[in-house]
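Okay, thanks for making time, everyone. Let me put the structure up and then walk you through how the helices pack.

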Amino acid sequence: MNYTADGCREPVLRLTESIIFLLLGFAALWGNLLIVVAFYRKRSLRTVTNYLVLSLTVADLLRAFLNLALHFIASATNKWMLGEFGCIAGYVCCNIVAGTSLLTVMQMAVNRYLHLTKPALRYKLFNKKYCIFMILSTWTSTAVLVIGNTFSSKLRFKLLSYQPTVCFIEFASKKTGFYVSVLSRCLYVTVPAMVVVICYVKIYQTICAYKLSERNSMLVKSAVCAMEKVKTTRIVTVIVIAFYVCWLPVCFSILALHFGLITTKALKYWNFFYTFPVSVSSAINPIICAFMSRRFRHQFGLILKCRIN
């Protein structure tokens with residue numbers, strides 16, 4: 001396994017990538033830490049919805065520590081420095097975090113759908129006890145699936161000569177790789193995406209009904225209560241949309257690489273176009289919470305000023 005480059009990556013490209021990854025890494029790290037600290041400090045923030053946001057935040061933190069750190073070091077040095085063990089560990093950890101994130105986003109959509117349309121069922125399925133159990137089960141099942149797939153298949157880990165900063169798996173046969181790739185994309189991308197779309201179509205219809213109810217003076221109290229739910233739903237909606245906007249190009253690029261649709265010359269830019277959207281996804285949630293949630297914004301301000309409320 002060759003861990004060095006053939007010298008084709010220009011110093012300007014390496015420097016640009018390294019600076020962008022470093023800045024995004026710091027933004028993701030400190031922004032998501034703000035969410036964790038705010039969640040710990042303020043009991044009123046510990047809602048079921050925010051438990052799911054916290055799970056996504058932990059995934060973003062791990063991605064900032066692992067994914068961005070690895071890509072920054074590799075891009076800056078123009079070689080993979082951690083050997084095959086680092087390649088395997090990076091692959092396993094990044095796939096666990098990615099799979100958990102995708103399933104968590106789906107759970108957030110289902111939670112908001114039930115919260116607006118079937119509150120009685122939502123309180124049964126998404127109370128804090130079952131929500132914590134569901135989050136832990138998601139992390140555990142994803143880890144078992146990824147680790148099992150990695151060590152039960154005949155895989156070898158390789159680097160691209162034109163892109164020595166990306167380490168990925170190569171299956172023993174293209175047929176096996178195709179089936180595993182399709183299965184993983186269906187399980188962690190297609191199915192959650194379909195569930196998310198269905199939920200938000202229903203949510204949109206419900207919000208339209210709530211807006212109509214505001215016009216009826218007999219339903220003012222229930223409409224105000226409903227619009228409070230709508231505000232929370234809007235925050236979650238923006239988080240979900242931002243997540244998929246960042247992740248869909250990554251999924252398409254992986255499939256393009258698998259089917260050989262990326263030219264050899266373009267491979268040296270693949271690290272950036274693969275990692276950049278994921279990096280933005282890790283850093284964007286704290287910004288969304290700060291702009292759209294008054295309670296989170298207030299807590300962020302107190303934390304940055306080192307004050308206790």
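Let's start with one residue: cysteine 87 has a relative accessibility of 2%, so it counts as buried. Buried here means under 20% relative accessible area, exposed means over 50%, and partly exposed is in between, with a 1.4 Å probe and protein chains only. Cysteine 87 sits in helix H3. Its C-alpha is 9.6 Å from the C-alpha of leucine 70, and the two are 17 residues apart in sequence.

Quick housekeeping. This is a predicted model, where local features need pLDDT of at least 70 and side-chain atom pairs count only at pLDDT 80 or more, while totals for chains, interfaces and linings use all residues. Residues are numbered from 1 along each chain as its sequence is written, and side-chain values use heavy atoms, with hydrogens and water left out.

Now the overall picture. The chain has nine helices and two strands; these are DSSP runs numbered from the N terminus, H or I of at least four residues for helices and E of at least two for strands. Along the sequence the order is α-α-α-α-α-β-β-α-α-α-α. There are 309 residues, and 47% of them count as buried. Take the contacts (heavy atoms within 4.5 Å) with a separation of 6 or more: 78% of those are between residues 24 or more positions apart. The exposed area is about 16200 Å², with 71% of it from carbon and sulfur atoms; that's Shrake-Rupley with a 1.4 Å probe, and for residues only the protein chains shown count as cover.

On to the packing. You describe two packed helices by the angle between their axes and the distance between the axes. The axes are lines fitted to C-alpha atoms, for helices over the stretch in contact, and the angles run from 0 to 180 degrees between N-to-C directions.

So how do H2 and H3 cross? H2 is residues 48-77, H3 is residues 83-117, and their axes come within 9 Å and cross at roughly 160°. The pair is therefore roughly antiparallel: that label is for angles over 145 degrees, with under 35 roughly parallel, 65 to 115 roughly perpendicular, and the rest oblique. The crossing of H2 and H3 is left-handed, meaning the near helix is turned anticlockwise from the far one by less than a right angle; clockwise would be right-handed. On the H2 side the contact residues include Leu52, Leu56 and Leu70, and on the H3 side they include Cys93, Val97 and Met108. By class, that contact has 14 nonpolar, eight polar and two charged residues. Nonpolar covers Ala, Val, Leu, Ile, Met, Phe, Trp, Tyr, Cys and Pro; charged is Asp, Glu, Lys and Arg; the others, Gly among them, are polar.

Next, H1, residues 11-41, packs on H2 at about 155°, axes 8 Å apart. That makes H1 and H2 roughly antiparallel, and H1 passes H2 in a left-handed crossing. Their contact has 17 nonpolar, eight polar and three charged residues.

H1 also packs with H9, residues 294-304, at about 100° with the axes 9 Å apart, so H1 and H9 are roughly perpendicular. Leu34 and Arg41 are among the H1 residues there, with Phe296 and Phe300 among those of H9. The classes are nine nonpolar, one polar and one charged.

Last one: is leucine 136 buried or exposed? At 53% relative accessibility, leucine 136 counts as exposed. It lies in H5, residues 128-152.
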